[in-house]
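Reader: I'd like a close look at a single part of this one, please: the cavities and pockets, and whatever sits around them.

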Amino acid sequence: TQRLEPLQDVQVRQAIQYAVDKEAIVEAITGGYAKKLEGQMASPSAFGHNPDVKAFPYDPQKARELLAEAGYADGFSLPIKASAGRYFKDKETTEALVAYLAEVGITAEVEFLEPAVWAERYLANQLDEGGMWNCGWNLLPAMDVVISYPHFTCESPREIWCNERFDELYKQQNVETDAEKRLTLLHEMAQVVHDEAIMLYLYQIPFIYAYDPGVSNVRFLENGTMNLMEATVSR
């Protein structure tokens, strides 16, 4: 898909990162249940997470400076396709995003899509139309970041992004059998996607459970599963 012209500039993409207060969204929108992503697709518990990569801080002034340097001091219009009801707090998160972008001069033109329509357009590769769209990239059940990385290679039918270094690293890690060496490659891939700001990383969608107070010793894991091996029930 042809990127909207402003989004082809890495400074604009980085400006969007600086424009959004991710921690405020986690606290105000998700009630603190979610965990802010540190500028990469992998959560800390996933294989491939780079602990040295940190999220862009909230700095709207820096965002405006980058936009001006890129030639967009007066901002621009940005089409956004977002789901409403597909993901945890997706509509509310998008509404907050629109407000943050407006503060730095980016006017978001949002179309909210019900889950079935969102999925239909996603499968048909018709979501972005050159702008932005939301998605919860899946690392489950293996909690390995490479599960979602194929969507971002040059060969992907999604046509989201094409970067020679990313592709080279992706191919290397695909055939690397030494776990530590492969982790080193994934760490570099995390640095590449962070620096290129190919997406706005917001938060790790939480799993929220309700259970009887008589149940105890249940371990809830970040991949959405439960460990009941030591669970007990009392009345």
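**Around the empty spaces**

Author: Let's start with the largest cavity, which is lined by Arg121, Tyr122, Asn125, Gln126, Leu127, Asp128, Trp133 and Arg158. A quick word on what you're looking at: this is a predicted model, where local features need pLDDT of at least 70 and side-chain atom pairs count only at pLDDT 80 or more, while totals for chains, interfaces and linings use all residues. Residues are numbered from 1 along each chain as its sequence is written, and side-chain values use heavy atoms, with hydrogens and water left out.

On a 1 Å grid over the protein atoms alone, a cavity is a set of points where a 1.4 Å probe fits but can't get out; a pocket is an open set with protein on both sides within 12 Å along at least five of seven lines, and a lining residue has an atom within 4 Å of a point. Points are joined across faces, edges and corners, and the volume is the space filled by probe spheres set on them. The structure has one cavity of 30 Å³ or more, and the largest cavity holds about 30 Å³. Its lining splits into three nonpolar, two polar and three charged residues (nonpolar: Ala, Val, Leu, Ile, Met, Phe, Trp, Tyr, Cys and Pro; charged: Asp, Glu, Lys and Arg; polar: the others, Gly among them).

Now for the largest pocket, at about 1,300 Å³. Its lining has 48 residues, with Cys135, Gly136, Trp137, Met199 and Leu200 the closest to its centre. By class that's 30 nonpolar, 13 polar and five charged. Helix 1, helix 4 (90–103), strand 4 and strand 5 (203–204) each chip in at least two lining residues, and helix 4 gives the largest share, four. (Helices are DSSP runs of H or I of at least four residues, strands are E runs of at least two, and both are numbered from the N terminus.)

Strand 4 also sits in an open sheet of three strands, ordered 3-2-4 with parallel pairing. Strand 3 and strand 4 (132–133) are at the edges, each with a single partner, so one side of each has no neighbour in the sheet. Strands count as paired if DSSP finds at least two bridges between them, and strand 2 and strand 4 have two. Met132 in strand 4 is the bridge partner of Ile80.

Helix 1 leads us to helix 3 (residues 60–69), whose buried residues are Pro60, Ala63, Leu66 and Leu67. They span an arc of only 120° around the axis, which puts them on the same side of helix 3; the arc is taken from the directions from the helix axis to the C-beta atoms. Buried means under 20% relative accessible area, exposed over 50%, and partly exposed in between (1.4 Å probe, protein chains only). Those buried residues pack against helix 1 (10–19), strand 2 (76–83) and strand 3 (106–113), where contact means heavy atoms within 4.5 Å.

Past strand 4, Leu139 sits in the loop that runs to helix 6 (164–175). At 8% relative accessibility, Leu139 is buried. Leaving out residues up to four places away in sequence, its contacts include Met41, Ala42, Ser43 and Ala46.

Finally, the second largest pocket has about 170 Å³. Its lining is Tyr33, Lys35, Gln204, Ile205, Pro206, Phe207, Tyr209, Phe220, Leu221 and Glu222: seven nonpolar, one polar and two charged.
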